Amino acid sequence: MTTILVTGGTGYIGSHTAAALIQSGYEVVILDNLYNSNEHVLERIQTITGVLPKFYQCDILDKAGLKKIFDENKIDAVIHFAGYKAVGESCEIPLTYYENNISGSINLYEAMNDAGVKTLVFSSSATVYGAPKSVPIREDFPTHTTNPYGSTKLMNEMILADVCASDPEWSVLLLRYFNPIGAHQSGLLGEVPNGIPNNLVPYIARVANGTLEFLRVWGNDYPTVDGTGVRDYIHVCDLADGHIAAVKYALEHKGADYINLGTGNGYSVLQVLHAYEKACGKELPYKIMERRPGDIATCYADTEKAFKLLGWKAKYNIDDMCRDSWNFTVKNPDGIV
Ligand code: NAD
Ligand code: UFG
């Protein structure tokens, strides 16, 4: 059986991917320090798949802990989700972000190298495209970052490209996610943001359940369909399936490559809000505010390369994403506990 180490595997995207991997016949070992998730996620993966994945509470900054995992398991490939991800916070505590996302990742790549495990799928982000000159965004567009979080993603991409250039046995896929939203159809897995959410759909979910009063729409004077920002929202289960296709490809090829994971469709803030209203069956209040600093007007993926290389394309639409987000929100008023 092929064994995949999933770092950050109790987190939002990692947990959906771990469940999908198990359901596709892979053996899964999860590593997470539980900084932004908890162990109940493991029981929920078991409820969905019938398998309780092997779990190590381990920090990627802990070199000895990483070595132990590779010593105790015959790992074939790694999917690396572990990291900090809040853009705003990364501007306040950049060194903490660089230490966790860069030093921690280098520890992981060293441990892999030492164990002879040279196949990796890395969680990058569409944030590496900065403000793109045009849409849809292709993988060969120039990269540019505007905050420390984005820089940690771009630096990891550069580090891994160098590793692949230095050693032809390495195989790395750098997956640039667009805007992951939604939740597992079972209502057992989903996103549980800490405090007041920054991201659109988690914020709308809290307006829908009455925890927050209204949505603040950051600007309605962009050159878009209704003036509000347009993004490529992708169902987290589609993203999970994209990782399965990616790990299969990485195990069969060598070298580094970059792949967008998006749907190729853009939706405006108000279009998402209206889709969510349909999902929860009520009108959701909103107020138009000033633009949020750092936001761009429009961002969506060219998905051709993902389809050509991986044979993968997203299958869920914005209504499915909002329905599953609302289902998770209703079923888990206190998060995953
Ligand atoms: P998440 O916070 O839900 O999951 C990340 C997990 O990593 C958490 O469970 C956390 O406890 C763990 N972790 C953090 N630092 C660690 C460390 N030092 N050692 C071990 N575990 C550690 O985030 P997510 O939304 O699932 O994102 C997963 C990955 O995808 C991240 O690398 C993120 O930057 C990237 N990404 C996310 C988005 C998004 O919008 N959610 C977009 C693009 C890229
Ligand atoms: N928005 C609002 N009100 C809110 C939150 C968001 O109007 O309360 C708007 C934003 O202005 C933007 C859109 O909704 O137009 C999406 O905003 P998000 O914060 O949900 O997502 P971003 O596209 O800004 O950023 C996300 C991740 C980044 C990642 C990027 C690209 O947060 O980490 O997608 O993948 F880099």
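**Close-up views of a predicted protein model**

**Figure 1. Here is the whole protein, built from eleven helices and 13 strands.** Its radius of gyration is 19 Å, close to the 20 Å that the globule rule gives for 337 residues, so the protein is as compact as a globular protein of that length. Please keep in mind while browsing that this is a predicted model. Along the principal axes, the C-alpha atoms fill a box of roughly 55 × 45 × 40 Å.

**Figure 2. This view turns to the inside and the surface of the protein.** Of the 337 residues, 54% are buried. How much of the contacts with a separation of 6 or more comes from residues 24 or more positions apart? Such pairs account for 80% of those contacts. On the outside, the protein exposes about 14800 Å², and carbon and sulfur atoms supply 50% of that area. The charges are worth a look too: there are 28 positive and 39 negative ones, and the mean positions of the two groups are 3 Å apart.

**Figure 3. Asn332 sits in the segment after α11, the helix that spans 318-331.** Is Asn332 buried or exposed? With a relative accessible area of 8%, Asn332 is buried, because buried means under 20%. Which backbone oxygen does the side chain of Asn332 reach? The partner is the backbone oxygen of Gly187, at 2.9 Å. Leaving aside residues up to four places away in sequence, Asn332 touches Arg44 and Gly187. Gly187 therefore appears in this view both as a residue that Asn332 touches and as the owner of the oxygen that its side chain reaches, with contact meaning heavy atoms within 4.5 Å.

**Figure 4. Val135 and Pro136 are joined by a cis peptide bond.** Omega of this bond is about 0°. Most peptide bonds, by contrast, are trans. To find the spot, look for Pro136 in the loop between β5 (119-125) and α6 (148-166).

**Figure 5. Leu34 has a positive phi, near 60°, although it is a residue other than glycine.** Most residues other than glycine have a negative phi. Where is Leu34 placed along the chain? Leu34 lies in the loop between β2 (27-32) and α2 (40-49). Its relative accessibility is 17%, so Leu34 counts as buried, given that the limit for buried is under 20%.

Note on methods:
Residues numbered from 1 in each chain as written. Chains lettered and ligands numbered in written order. Predicted model: local features only at pLDDT ≥ 70, side-chain atom pairs only at ≥ 80, totals over all residues. Heavy atoms only, no water. Helix = DSSP H or I, 4+ residues; strand = E, 2+ residues; numbered from the N terminus. Rg over C-alpha atoms; globule rule 2.2 N^0.38 Å. Buried < 20%, exposed > 50% of the residue type's maximum accessible area, 1.4 Å probe, protein only. Areas by Shrake-Rupley, 256 points an atom, 1.4 Å probe, with all protein chains shown as cover. Lys, Arg positive; Asp, Glu negative; His and termini not counted. Charge placed at Lys NZ, Arg CZ, Asp CG, Glu CD. Polar contact = N/O pair within 3.5 Å; in protein donor to acceptor, adjacent residues only side chain to side chain.
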